[in-house]
Structure formats: structure tokens, C-alpha cells
Amino acid sequence: MMEQQRTFEKKKQLLLGEAAGANSYLSTVKKHQQLIFALLGGLFLLAGYLIDLSGYSTVAVLFYLTSFAVGGYYKAKEGILDLLQDRSLNVEILMILAAVGAASIGYWGEGAILIFIFSLSGALETYTWQKSEKDLSSLIKLAPNEAAVLGADGETRTIPVEEISIGDKVLVRPGERVPVDGIVLSGETTVDEAALTGEAVPVFKNSGASVFNGTINGKGSMTVEVKKENSDSLFQKMIRLVQQAKEERPPAQQWIEKVEGPYVIAVLAAVALMIVIPYFFFAWDFETTFYRAMVLLVVASPCAVVASVMPALLSAISTGARNGVLMKGGVFLEQLSKADVIAFDKTGTITSGHPQVINVHIEEDMSEEEFYSVVYAVERQSNHPLAKALSDFSRQGSNSPLSVVDSILDITGYGVEGTAAGERWLIGSVALMDREGLRPLSEGWLDREKQWQRDGKTVIYVSKGGMLAGAFAVKDTIRPRVKETLAELHELGIKTVMITGDHEATAASIAKEAGVDSWISESLPQDKVREVDRLKNQYNSVIMVGDGVNDAPALAKADIGIAMGSGSDVAIDTADLVLMKNELNKIRLTLSLSKRLNRIVLQNLTFSVLVILLLISGNFAQQVSLPLGVIGHEGSTILVILNGLRLLKV
């Protein structure tokens, strides 16, 4: 009996494998059916040509007609639907008319050649779309479709992530991908966040830590409280960025689409005149006149011009997405190469965003237990990198129960204010202490502050009841390859500026270590906007790179805003490009893509227009035959598409 059961299971697995293979095969065929139809059209064309050489012209015509129907199916369908639904004329209509016109005067083979090459160029354009879809699909696959939600009775039920609500509790088992953006309620584990941050070392997570959709859980289980709906998760935002980029047309493509309709009408009018004028005024016979009109219809069609931009743009967007750079639209990629200055935020952008407390000073009359307990209670509620450094350090220094904080007020750009046991606590920058009138400091305080700042450390003060209670010296490390990236930007002639809220001495130390050209310190969010505005008056185009809520206004003000993938939602929503894995060196890649894109588009437009003018001139001189016109025109279309596909290579 057991042997029969095992045999049954083997057969079942075999059948399932065969079914999966069949489905995969059908999916592949469906995906490439436009190319398959084009190639089949080519085979029927070749068969018709060989039969025609044998003298069976009538049979050859049947094969040519089949080539027309099979090879031209997709393009004819596209052109007719546009004509009926949008009331717009396009190049597909011109090609249909040219092929039918050629066949009507006996040039069946030439018409079939036209349809074959035109359908082949269309298949290449579709390949470009599918390539960008593939890179999007690889991103989508990182996000789970289902999650194990914990009920009130402690039982789990698996539901689609779209049905999860904020506040639900999700169980994430070892080795699973995290299905939501949320906060760990219980459990300890490590999470691989390389897909989002590029950080190769898994990050330790315990109660209170943030986790993100699409990251991979390690060997421990954890219960996560959902903080965002699936549509608002970081991964879904990334996916929307790519979709938005594919749908948005750059200015060059918008102009082409705008003039395509009037141009087609002009070509049809010129063809009508070509049929009438030579016949009535130059004594051409009708067949020659109609033949030249059909050649004009072919060679004047703007197929190559229309294909000059989008295949190249989609290839560039696909390459960017594959390398962790997501763009909200082609217009931004097109404009990137015009930038001559890049402004960087410091924390989380030039630096790693994982600062650590290096030094601490607590006043003698201040209880260390109370000091650490309050700082931990206040700062643990913030996601700011500096707050995390203070909370982690204070948690280790506090052995007493967590202080009860009655209220917390975020003072954007300065720090935070909290009330504990009736006392007002302030934790923040030197500028906050200045604003509160807690300076000038004593000589001992000033000496300590200056020394810390000379060492490139950020000074964070703590005050209680209007009196200084202590201070932390926090230092962040420069991101890997930042120095090399900035050096490469300098070689390209691009100026670099660091804009930070840090004190002058700290900013100067970090700026010199990283290698930026200049820096602007002690900048609040509104100051960053003013500095970006000043740079725009001084330079042609300004790029701003940041990651925090306080960077969002400056990102919006810049000509192009670039956000770090691990940055705040506001920064990502505001920016035009996102560095998904926080790799600043990808800016160099993106600038290169932008320059190559603009260069290739210019090459394509110049080449395609020159070919059209050359073929039209040759046709009026009666030196261009219909086969030559078809090959010259459609060949140029294929060449510009292939030229655009070069952007798939880094």
C-alpha cells in the first residue's frame, strides 16, 4: 500500500511539473507572439519570393497575402484602433496604405517586404517595453503577496497583503520575507535589508525596531504591528515610481507625438498631389505616377523619427531600475546631464546615517540614572539617526525603569522637547541651546564643545528645567565610496556642496573628509531651500540629494531631487529619482545614462530625418525604387531602435 502511495505521489509531481512546464511555455509564446507573427510573416514572404522565381506568380500572391495578414496583424490593429477610437492618424495607417497601394499595382513582394520590416521594428519596440516590465517584475517579486495575521485568539490566518489594515499583528517566520512596513512587537532576529539599503550585513531587530516590506527575516520569529497599508509601503512606492517613469513622456517624445498627426496628414496630401500633378502636368503615365506616389508614402513616413526616443528612454529606465536607481519620469533622466552642481545633505546621505555616541558628559549634580532614563524615553520615539544613537546608548546606561514622558514636541531642525515628572527637558543642537538662552556657556563647556567639533563630532545638548544637564558627542561615518564618487563628479566638471544643520566645525571636518568643494552649516529646512535657490541663480541646473523630512522642501526646490531609498516617505515622495540601495556612486551611473540617452536620441533624430530627406529627394529624381525605399526607410527604423537598445548596457 505504501509503495502504491509513493508511486502515486511521484506521478502527481511529474504531472504537476509537466503542467507547470506547459504553462511556462505558453506564457513565453504569448509574451513573444508579436515577434513570432513578424517572423512567420517573413517566412511566408520568403516562400512567396521563391515560388515567384519558379514562375508560379498566382500561388506566390497567395503567400504574399498571407505574409500581409500574419506579419501586419499587430501594427494594422494598432493603427485602426487609434483611427477609430482616438480619431488620430499615425504611421501605422501610412504603412497599411503604402502596402495596399504597392500590391494594387502588382508589387506584391515589395508590399510584403514593407509589412515584414515594419512589423519587425514593432516587435523590437515591444521587446524594449517587455525588458523594462521584466525589471519591474523582478522588483515586484521581492514583495510577498500574503501574510500570516494573528487573531485575538492567538491563531494565525493567511490573507492577501492588500487586506491587511494598520494595527494588525503579523507573524513573520524564519526565512520569510517581511510582508508589511511596521514595528516589531516581540521577538529577536536579524533582517537582510540589502534589497532596500544595499547593506550586506543583516540588521538586528528587536522590540520597537522598524521593519520593511520585501526584506528577508533571519533565523528568529517576530511579531510585527502594521504601521502602513500595503499601498503606502516603501516597496509599493518604488514600484509606482517605475510605472510612472514608463508612462511619462519626455519633451522630445511629446513633441514628436504632437506633430505626428499633422505630419501624417501632410504626407497623405503630398501623396495625393504626387498622383495628380505629374500625371496631368508632366505627362507621366499613371502607373509611374502612382508608383512614385507609393514610394513617397513609404519614404516620407516618420517611423524612424517616432522610434527615436521611447525605446532609448525605456532602455535607460530599465538599466537604472536594474542598478537600483528608480526614476519618476523620463524628463528627469533627460535633464540630469544639464546639471553642473550637486548639493548633498550630510546625515544619511554623505554619511552612513548610523551615528554612534563617542563621548558623553553629565553634570555632577545630575543623576545619571535620571539623565539616561529620560533621554532614552524621549529619543526612542523618533526615527532620526541621531535620536537612535542617543536612545541606544542611553538604554545601555540606564538601569532604572523607563521614565514616564508626559508630552513630546518635535522642534524641526533643532531637536525635541519633552516633559517628565513636571520638568521641561530639551535635547538638541547648539542652535537650540542658543535659542533657549542657555549660552554663552562656561569656559569648560566651550572648550569641550570646540574640541568635539574639531574632531568632526556632532554636539547634542540636554537641558532640564532651563539648566544644562549634559551633552553627547556623536559621530557618523562616511559612506563607502563617497570620496571616489565625489572625485568622479569633479572630473566631470560638476561642483559639489554639502548643506547640513551641523555646527560649522563639524560640517567642515566631514566636508574635508568626504572631499566636497564647499559646505554650508547650521542650515534649518528653510535655510536649505534658500541655499538651493541661491545655487540655482548661480548655476544652470541644480541637483539636491537628501533623505530626511527636513530635506523635502529643498528636494522640491531643486531642478532635480534625488532621495535615498532608506529615507523618509516625504523625501521619497518629493524626489524625482530614488537611490534604492543608498549607493551614492549610482549618481555617476545616472549622469552617464542621461548623457548617453541625450546623445543617442540626437543621433537617432538626425539620422532618421536625413534618411527621409535623402529618400524623398531620390524619389523625385526617380532614383529610388519601392524595394529600396522600403529597405531604406524601415531599415533606418530598425537601426534607431537598435541604437536605443544600447542603453540596456551599463
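This is a short talk about the helices, a surface patch, two sheets and some salt bridges of one structure.

Hi everyone, thanks for coming. Before we start, please keep in mind that this is a predicted model.

Let's begin with two helices. Helix H10 runs over residues 286-299, so to speak a stretch of 14 residues, and spans 20 Å from its first C-alpha to its last, close to the 20 Å expected at 1.5 Å a residue. How many of those 14 residues are buried? Eleven of them, which leaves H10 mostly covered. The buried ones run from Thr289, Phe290 and Tyr291 through Arg292, Ala293 and Met294 to Val295, Leu296, Leu297, Val298 and Val299.

Helix H15 covers residues 368-379, twelve in number, and reaches 16 Å between its end C-alphas, close to the 16 Å expected. Nine of its twelve residues are buried, so the rest of the structure largely encloses H15. Among the buried ones are Phe371, Tyr372 and Tyr376, along with Glu379.

Now to the surface. There is a nonpolar patch of about 870 Å², and its members are Leu273, Val276, Ile277, Tyr279, Phe280, Phe281, Phe282 and Phe286. Which helix gives the most to this patch? Helix H9, residues 251-281, with six residues. Phe280 sits in H9, and is Phe280 buried or exposed? Its relative accessible area is 59%, and because the cut-off for exposed is over 50%, Phe280 counts as exposed.

On to the sheets. One open sheet has seven strands in the order E10-E22-E21-E20-E11-E18-E19, with mixed pairing. At its edges are strand E10 (325-327) and strand E19 (518-520), each pairing on one side only. On average, neighbouring strands of this sheet are turned by 20° against each other, ignoring direction. If you want a spot to look at, take strand E18, residues 495-499, which pairs with E19 in the parallel sense over three bridges. There, Met498 stands opposite Trp519 of E19.

A second open sheet has three strands, ordered E6-E5-E8, and its pairing is antiparallel. Its edge strands are E6 (203-205) and E8 (216-217), and each pairs on one side only. Strand E5, residues 189-192, joins E8 through two bridges in the antiparallel sense, and Val191 stands opposite Asn217 in E8.

Last topic: charges. Side chains of opposite charge can pair when their charged atoms come close. How many salt bridges does a search of the whole structure find? The search finds 15. Let me show you three of them.

Glu176 bridges to Arg173, with the closest N and O atoms 3.5 Å apart. Both ends are partly exposed: Glu176 has a relative accessible area of 29%, and Arg173 has 33%.

Lys457 pairs with Asp455, and here the closest N and O atoms are 3.9 Å apart. Lys457 counts as buried, at 11% relative accessibility, whereas Asp455 is partly exposed, at 32%.

The third is Asp533 with Lys557, their closest N and O atoms being 3.8 Å apart. This pair links distant parts of the chain, 24 residues apart: Asp533 lies in helix H21 (residues 525-538) and Lys557 in helix H22 (residues 552-557). Asp533 is partly exposed with a relative accessible area of 32%, and Lys557 is partly exposed at 32%. Finally, salt bridges that share partners tie Asp345, Lys528 and Asp551 into one network.

That's my tour. Thanks for listening!

Note on methods:
Residues numbered from 1 in each chain as written. Predicted model: local features only at pLDDT ≥ 70, side-chain atom pairs only at ≥ 80, totals over all residues. Heavy atoms only, no water. Helix = DSSP H or I, 4+ residues; strand = E, 2+ residues; numbered from the N terminus. Expected span 1.5 Å × (residues − 1). Buried < 20%, exposed > 50% of the residue type's maximum accessible area, 1.4 Å probe, protein only. Patch = residues over 30% accessible without salt bridge, like charges linked within 9 Å, V, L, I, M, F, W, Y side chains within 5 Å. Areas by Shrake-Rupley, 256 points an atom, 1.4 Å probe, with all protein chains shown as cover. Salt bridge = Lys/Arg side-chain N within 4 Å of Asp/Glu carboxyl O. Pairing = 2+ DSSP bridges. Axes fitted to C-alpha atoms, helices over the stretch in contact; angles between N-to-C directions.
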